[in-house]
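Student: I'd like to learn how to read the empty spaces, helices and odd backbone spots in a model like this one. Could we go through them one by one?

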Amino acid sequence: MTEHIVVVGGGTGGTVLANRLAEKLGPEIERGDARVTLVSDDPDHVYKPTFLYVPFGKKTVEDAKRPLADLVDHAVDVEIDRVTGVDTDGKRLSLRDSGSTGYDQLALALGAQLVPEELPGLAEGGHHFYGPDGAQELRETMAEFTEGHLVLSVIGTPHMCPAAPVEFVLMADAWFRQRGVREDVEITYTYPIQRAHAIQNVADWASEAFEERDIDVETFFNADEVDPEAGVLHSMEGAELDYDLLVGIPPHEGSDLVTEAGLGDDGWADVDKHTLESDHAEDVYVLGDLADVPTSKAGSVAHYEAGAVADRIASRTRGETPTATYDGKTVCFIESGMDEATFVDFEYGTQPTVREPSKPVHWAKLGYNESYWLTARGLL
């Protein structure tokens, strides 16, 4: 009997997992003892960190995507379809276009969704760089922005790429200086808790960098409403910020599939933080942004989780007891301007050390962004 493994989601977690499974279960797949299917509703694979560079003209939205079929091992069956329901008791998935399919082991890597409409006025009065359309629109606006007040507001947590808002304002500062207009541009950064970032060491480093570069910081600022006509951002605490250009990190949400399948109450899946196995269903794993684990919603997390999940699924397919675990490893490059960067790495229960920014680390980040496509193929 063939063991059918279904991976849902064609982002970093799903793609790396499918390729790792093709490698680890190569003999079983060739013999017909195992089958791996990747289901994605998008024929393209999108590398979202690219969007940070689009507003500054350093990348295009086309640079962020490649055909999924070009990245996935030929031993994996790729189905372009949308999963509309998960029956964990019957071990079946409902599909928008092709009916349904059964599974023996299931991995959900659906990612987080942007919901700017949850904050009144944000869609009409704000910009963001967390998706292709938003990044491109912000590029056009930034190209003509030479004076006024730029406000970046982190609107709620959790959100993808936790360091990206810090990177954006530091890059904007350097970019405006290069253009000779920084003295005409005021920059303010807001964060919803009482420090500049959720991770204390990153918050300390960012606060010092902001002060050095004359970037204002408003902490414990929970955005409540945007008034596009007046150009005002209101907070739940009663504060108001006038703006000429608002960059809002939109609210994020998990997946209705998770809630409807009983895998989590609020769209984020409840899992064991080390095994990524669902707390509520057997033979179900959830990885990437969708998994409710105590670390960042970052691409590196999905990458490392995928390795552990692949090992566990392969062991179960062979009838072995799984032993692989994920230790919370996270690696994050942080741009500190247009030509310098730092990086942090940490695991569950540890605080990262923020290194001194340098040009070599900046180029290392750009180099990794180029080599990412090899990572997605499971080659790095």
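**Reading the model, feature by feature**

Tutor: Let's start with a space: the second largest cavity holds about 40 Å³. Before going on, this is a predicted model, so local features need pLDDT of at least 70 and side-chain atom pairs count only at pLDDT 80 or more, while totals for chains, interfaces and linings use all residues. Residues are numbered from 1 along each chain as its sequence is written, and side-chain values use heavy atoms, with hydrogens and water left out.

Student: What counts as a cavity, and what counts as a pocket?

Tutor: Rolling a probe the size of a water molecule over the atoms shows where empty space is left. On a 1 Å grid over the protein atoms alone, a cavity is a set of points where a 1.4 Å probe fits but cannot get out; a pocket is an open set with protein on both sides within 12 Å along at least five of seven lines; and lining residues have an atom within 4 Å of a point. Grid points are joined across faces, edges and corners, and a volume is the space filled by probe spheres set on the points.

Student: How many cavities of 30 Å³ or more are there?

Tutor: The count comes to two. The largest has a volume of about 80 Å³, and its lining includes Pro162, His197, Ser296, Cys332 and Phe346. Strands E20 (330–335) and E21 (341–346) are the elements that give two or more residues to that lining, and E20 gives the most, with three. Helices (H or I, at least four residues) and strands (E, at least two) are DSSP runs, numbered from the N terminus.

Student: How do the linings of the two cavities divide by class?

Tutor: Here Ala, Val, Leu, Ile, Met, Phe, Trp, Tyr, Cys and Pro count as nonpolar, Asp, Glu, Lys and Arg as charged, and the others, Gly among them, as polar. The largest cavity has nine nonpolar, three polar and no charged residues in its lining. For the second largest cavity, the split is five nonpolar, three polar and three charged; Asp289, Lys297 and Glu305 are among its lining residues.

Student: And the second largest pocket: what is its volume?

Tutor: About 550 Å³. It is lined by 25 residues, and the closest to its centre are Tyr47, Pro49, Gly299, Ser300 and Val331. Helices H6 (164–178), H9 (299–317) and H10 (359–376), along with strand E20, each give two or more residues to this lining. By class, the lining has 17 nonpolar, five polar and three charged residues. Domain 1 (3–112 + 254–328) and domain 2 (115–252) each supply at least three residues, with bounds that come from an automatic or database domain assignment.

Student: How do I tell if a helix is regular, and whether it is buried or exposed?

Tutor: Check its span first: the expected value is 1.5 Å times one less than its number of residues. Helix H1 (residues 12–24) has 13 residues and reaches 18 Å, close to the 18 Å expected. H6, with 15 residues, reaches 21 Å, close to the 21 Å expected. Then check burial: buried means under 20% relative accessible area, exposed over 50%, and partly exposed in between (1.4 Å probe, protein chains only). In H1, 11 of the 13 residues are buried, so this helix is largely enclosed by the rest of the structure; Thr12, Val16 and Leu21 are among those buried. H6 is also largely enclosed, because 13 of its 15 residues are buried.

Student: What should I look for in the backbone?

Tutor: Most residues other than glycine have a negative phi, and most peptide bonds are trans. Asp214 is not a glycine, yet it has a positive phi of about 60°. Its place is the loop between helix H7 (200–212) and strand E13 (216–218), and it is exposed, with a relative accessible area of 55%.

Student: Which other residue that is not a glycine has a positive phi of about 65°?

Tutor: Leu276. This residue sits in the loop between helix H8 (256–260) and strand E19 (284–286), and at 0% relative accessibility Leu276 is buried. A glycine example is Gly180, just after H6, with a positive phi of about 75°.

Student: Where is there a cis peptide bond?

Tutor: From Thr157 to Pro158, with omega near 5°. Pro158 lies in the loop between strand E11 (148–154) and H6.
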